[in-house]
Amino acid sequence: MERSSTTSGGSTRREATRQKLYEAAVTLIAEQGFSATTVDEIAERAGVAKGTVYYNFASKSVLFEELLRHGVGLLTASLREAAERTAGAGGSKVDALDAMIRAGLVFIDRYPAFTQLYVAELWRTNRAWQATLLVVRQQAVAVVEDVLREGVDNGEFSAEIDIPLTAAALVGMVLVAALDWQAFQPERSLDDVHSALSRLLQGRVSGRP
């Protein structure tokens, strides 16, 4: 039992260290780009020794790939939890999508630098982590696809809906609208932005006027 407790404590400390490295890396890379950011700078920003970076990640590229996995994993979990919470409360599939939009906005408001990096990387090619990025992006979109598919199956949505494209469009709408909000309309509240996107959802996906 004592050994297990020690192992658990070591694991918790390592996760805390990795979280510091994620936050340092995403902030620096958002500020000055991937190529210009050094491992020394990441270590200094995180408040750890350079060797600690290499202990946790084999290279800067591996760190960034894991950063993408970590960040999109958090987003995916947030979207799924919003959908499940709505279903548990007896809400419709439109309600679930609306809750997911809000969850996405909350995530982006909390992690703006990561979101900027993620969107930028989606458009780049020949990156070592491109395959990983496509996989984690599909994981997030698949959560929305599941809700749309369930809505088609229960008759709430038209069978003519292109589920993969509609799911990608909804995720893209939230990402781009949120980045535009933060960059050009920061005076607007999260509730205000959510309300605008909610009205768009209600009119376009559910078919309501």
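A cavity here is a set of grid points where a 1.4 Å probe fits but cannot get out. Rolling a probe the size of a water molecule over the atoms shows where empty space is left. By this rule the protein has 1 cavity of 30 Å³ or more. The model is a predicted one, and the cavity is a good point to return to once the overall fold is clear.

Start with the fold. The protein has 9 helices and 0 strands. Read from the N terminus, its elements run α-α-α-α-α-α-α-α-α. The C-alpha trace spans about 60 × 50 × 35 Å along its principal axes. Of the 209 residues, 41% are buried. Consider next the contacts with a sequence separation of 6 or more. Residues 24 or more positions apart account for 65% of them. The accessible surface comes to about 11,300 Å². Carbon and sulfur atoms hold 53% of that surface.

Now take one helix, α2, which covers residues 39-46. Which of its residues are buried? They are V39, I42, A43 and A46. Seen down the axis of α2, these buried residues fall within an arc of 95°, so they line one face of the helix. The general geometry helps here. An α-helix has 3.6 residues a turn, so residues three or four places apart point the same way. After α2 comes G47. The phi of G47 is positive, near 75°.

Back to the cavity. About 130 Å³ of space lies in the largest one. Its lining consists of L75, L79, L97, M100, I101, G104, I108, V144, L170, V171, V174 and L175. Three elements give two or more residues each: α4 (60-88), α5 (93-110) and α8. The largest share, 5 residues, comes from α5. What is the chemical character of this lining? It divides into 11 nonpolar residues, 1 polar and no charged.

One of the lining residues, L79, deserves a closer look. L79 sits in helix α4. Its relative accessible area is 6%, so L79 is buried. Leave aside residues up to four places away in sequence. L79 then touches M100, A103, G104, A140 and V143. Among these partners, M100 and G104 also line the largest cavity. A different pairing gives a sense of distance. L79 and S11 are 68 residues apart in sequence, and their C-alpha atoms are 27 Å apart in space.

Helix α4 also holds G73. Is G73 buried, partly exposed or exposed? With a relative accessible area of 31%, G73 is partly exposed. G73 and A140 are 67 residues apart along the chain. Their C-alpha atoms are separated by 7.7 Å. A140 has appeared already, as a contact of L79.

Further along α4 is T86. At 13% relative accessibility, T86 counts as buried, because the cut-off for buried is under 20%. Beyond its neighbours up to four places away, T86 touches G91, S92, D95, A96 and A99.

K93 belongs to helix α5. Is this lysine buried or exposed? K93 has 18% relative accessibility and so counts as buried. Which residues does K93 contact, leaving aside those within four places in sequence? They are V147, E150, G151, N154, E156 and F157.

The last stop is the largest pocket. Unlike a cavity, a pocket is an open set of points. About 240 Å³ of space lies in the largest pocket. Its lining has 13 residues, and the closest to its centre are L122, W123, A168, G172 and L175. L175 is also listed in the lining of the largest cavity. Three helices each supply at least two residues of the pocket lining: α6 (112-122), α7 (130-153) and α8 (163-184). Which of the elements gives the largest share? That is α8, with 5 residues. By class, the pocket lining has 11 nonpolar, 1 polar and 1 charged residues.

Helix α8 thus links the two spaces. It gives two or more residues to the lining of the largest cavity, and it supplies the largest share of the lining of the largest pocket.

Note on methods: Residues numbered from 1 in each chain as written. Predicted model: local features only at pLDDT ≥ 70, side-chain atom pairs only at ≥ 80, totals over all residues. Heavy atoms only, no water. 1 Å grid on protein atoms, 1.4 Å probe; cavity = no way out; pocket = protein on both sides within 12 Å on 5 of 7 lines; lining within 4 Å. Points joined across faces, edges and corners; volume = space filled by probe spheres on them. Helix = DSSP H or I, 4+ residues; strand = E, 2+ residues; numbered from the N terminus. Nonpolar A, V, L, I, M, F, W, Y, C, P; charged D, E, K, R; others polar. Buried < 20%, exposed > 50% of the residue type's maximum accessible area, 1.4 Å probe, protein only. Arc of directions from axis to C-beta. Contact = heavy atoms within 4.5 Å. Areas by Shrake-Rupley, 256 points an atom, 1.4 Å probe, with all protein chains shown as cover.
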